[in-house]
Amino acid sequence: MALSLYVDTERWRAHQQTVLKQFPGLVPVCKGNGYGFGHERLAEEVTRSGSDVIAVGTTYEAARMKDWFSGDLLVLTPFRRGEEPVPLPDRAIRSVSSVDGVNALVGARVVIEVMSSMKRHGVVEEDLGKLRASIEDVRLEGFAIHLPLDRTDGTDAVDEVIGWMDRLRAARLPLETMFVSHLKPQEFALLQQQFPQTRFRARIGTRLWLGDHEATRYRGSVLDVTRVVRGDRFGYRQQKAAGDGWLVVVAGGTSHGVGLEAPKAMHGMTSRAKGVARAGLATVNRNLSPFVWDGKQRWFAEPPHMQVSILFVPEEAAEPKVGDELTAILRHTTTQYDRLVDN
């Protein structure tokens, strides 16, 4: 009995091929929990695609991935002086976001990140002169720009990339390769057309692995079903049942990521109103679970346990049976499955 990730493998791989064709030279990203699939599985998929490089989040991820993937390993987290040294092969490429970082990596393979409108990290225009002298001591693999997902001010992603291309060219820096993130296929094609002497490489994770929502499903197995009537006490805190129905114990708890949720950016009155409603219900111990039964998301009977969740299913719904599986609406990047099943 497990929390399982079911993958329609043929459909999932067909989507990957679509994205690979839209972005020639694509750099697959495998970071965090491997977008819910795990690092080893994604390494297998990248090898199947024939890509020469894979991007990981940290040096620790690169140290694990080197045993599963034989190509280059692009570390996305920028190098910082004083960081813990992690033994990596020569095929590892470090991202750098400062002149000081470049100076500290003599002889290393590096990708230099420029400061985008994300304002997260990157070399600024004022430092490009110093950078020109520093790159003589490293093996420069290219420049990179990480763009925001939303552009609420009406600015244009292509214009932002072109602006940086012009600055780098004015500083007489080599523009053989430019790594980009969060561009639409038509934007990517336009840049490649406008700068034919530069090879653009899109670093893509979410769109590649999770772009087809119908290709994957989480399901939790029903472990136990107990009949209750209104007022019966149950659980760790001995709460009272809100009505007649069943307490359903289903595989999937906090160790899997069930009940854990990343903060969301809310736009508009509707999403804010829903957020207020959810918060209000939580104050009276009403929390909607990610598990679906008989066509509806069911309420947690109490907060999820480490490996299981207890749900309340009212008597007007179909009675769950031990061994049934409940679909679970879970975020891939925060979920750890017990088993992966290829269909």
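This is a short talk on the cores, aromatic contacts and a few single residues of one protein chain.

Okay, hi everyone. One thing up front: what you have on screen is a predicted model.

Let's begin with the overall layout. The domain assignment splits the chain into domain 1, residues 9-210, and domain 2, residues 216-342. Their C-alpha centres sit 38 Å apart. As for how they touch, 8 residues of domain 1 are in contact with 11 residues of domain 2.

Now the inside. The largest nonpolar core takes in 84 residues. If you want to find it on your screen, go for F37, L131, L168, F200 and W209, the residues with the most contacts inside that core. Which helix gives the most to it? That's α6, residues 157-170, with 7 residues. And here's a nice point: domain 1 (9-210) and domain 2 (216-342) both give residues to this core, so it lies between them. Apart from that one there's another core, with 9 residues, including V228, L247, V249 and F312.

On to the aromatics. The structure has 4 aromatic pairs, and I'll pick one of them, W12 with F37. The ring centres of W12 and F37 are 4.5 Å apart and the planes are at 25°; under 30 degrees counts as stacked, so this pair is stacked. Where do the two partners come from? W12 is in helix α1, residues 9-22, while F37 is in the loop between β2 (27-28) and α2 (39-49), so the pair ties together parts that are 25 residues apart in sequence. Buried or exposed, these two? Both W12 and F37 are buried.

There's a third member too: W12, F37 and W209 make up one aromatic cluster. So let's look at W209 for a second. Setting aside neighbours within four places in sequence, W209 is in contact with W12, Q16, P28, V29, Y35, F37, L42, E45 and V46.

Two arginines also lie over rings. R167 is over the face of W164, at 4.9 Å from the ring centre. R227 does the like with W246, over the face and at 5.1 Å from the ring centre.

While we're on arginines, try R201. You'll find R201 in strand β9, residues 199-204. It's a charged side chain, so, buried or exposed? R201 is buried, with a relative accessible area of 6%. What does its side chain meet in there? The side chain of D52, in a polar contact at 2.9 Å. Beyond neighbours within four places in sequence, the contacts of R201 include G25, L26, V27, V53, T177, M178, F179, V180 and F188 as well as D52.

Last stop, the backbone. Most residues other than glycine have a negative phi. Here are two that go the other way. R172 has a positive phi, near 60°. R172 sits in the loop between α6 and β8 (177-181), and R172 is exposed, with a relative accessible area of 60%. Then there's H182, with a positive phi near 65°. H182 is in the loop between β8 and α7 (185-194). With a relative accessible area of 36%, H182 counts as partly exposed.

If you take one picture away, take the 84-residue core, lying between the two domains, with W209 among the residues with the most contacts inside it. That's it from me, thanks.

Terms used. Residues are numbered from 1 along each chain as its sequence is written. This is a predicted model: local features need pLDDT of at least 70, side-chain atom pairs count only at pLDDT 80 or more; totals for chains, interfaces and linings use all residues. Side-chain values use heavy atoms; hydrogens and water are left out. A nonpolar core is a set of buried Ala, Val, Leu, Ile, Met, Phe, Trp, Tyr and Cys residues joined through side-chain atoms within 4.5 Å. Buried means under 20% relative accessible area, exposed over 50%, partly exposed in between (1.4 Å probe, protein chains only). Helices (H or I, at least four residues) and strands (E, at least two) are DSSP runs, numbered from the N terminus. Domain bounds come from an automatic or database domain assignment. Contact means heavy atoms within 4.5 Å. Rings of Phe, Tyr and Trp (its six-membered ring) pair if their centres lie within 6.5 Å; planes under 30 degrees apart count as stacked, over 60 as edge-to-face and the rest as tilted. A charge sits over a ring if NZ of Lys or CZ of Arg is within 6 Å of the ring centre and within 35 degrees of the ring normal. A polar contact is a pair of N or O atoms within 3.5 Å; within protein, one must be able to donate a hydrogen and the other to accept it, and residues adjacent in sequence count only if both atoms are side-chain atoms.
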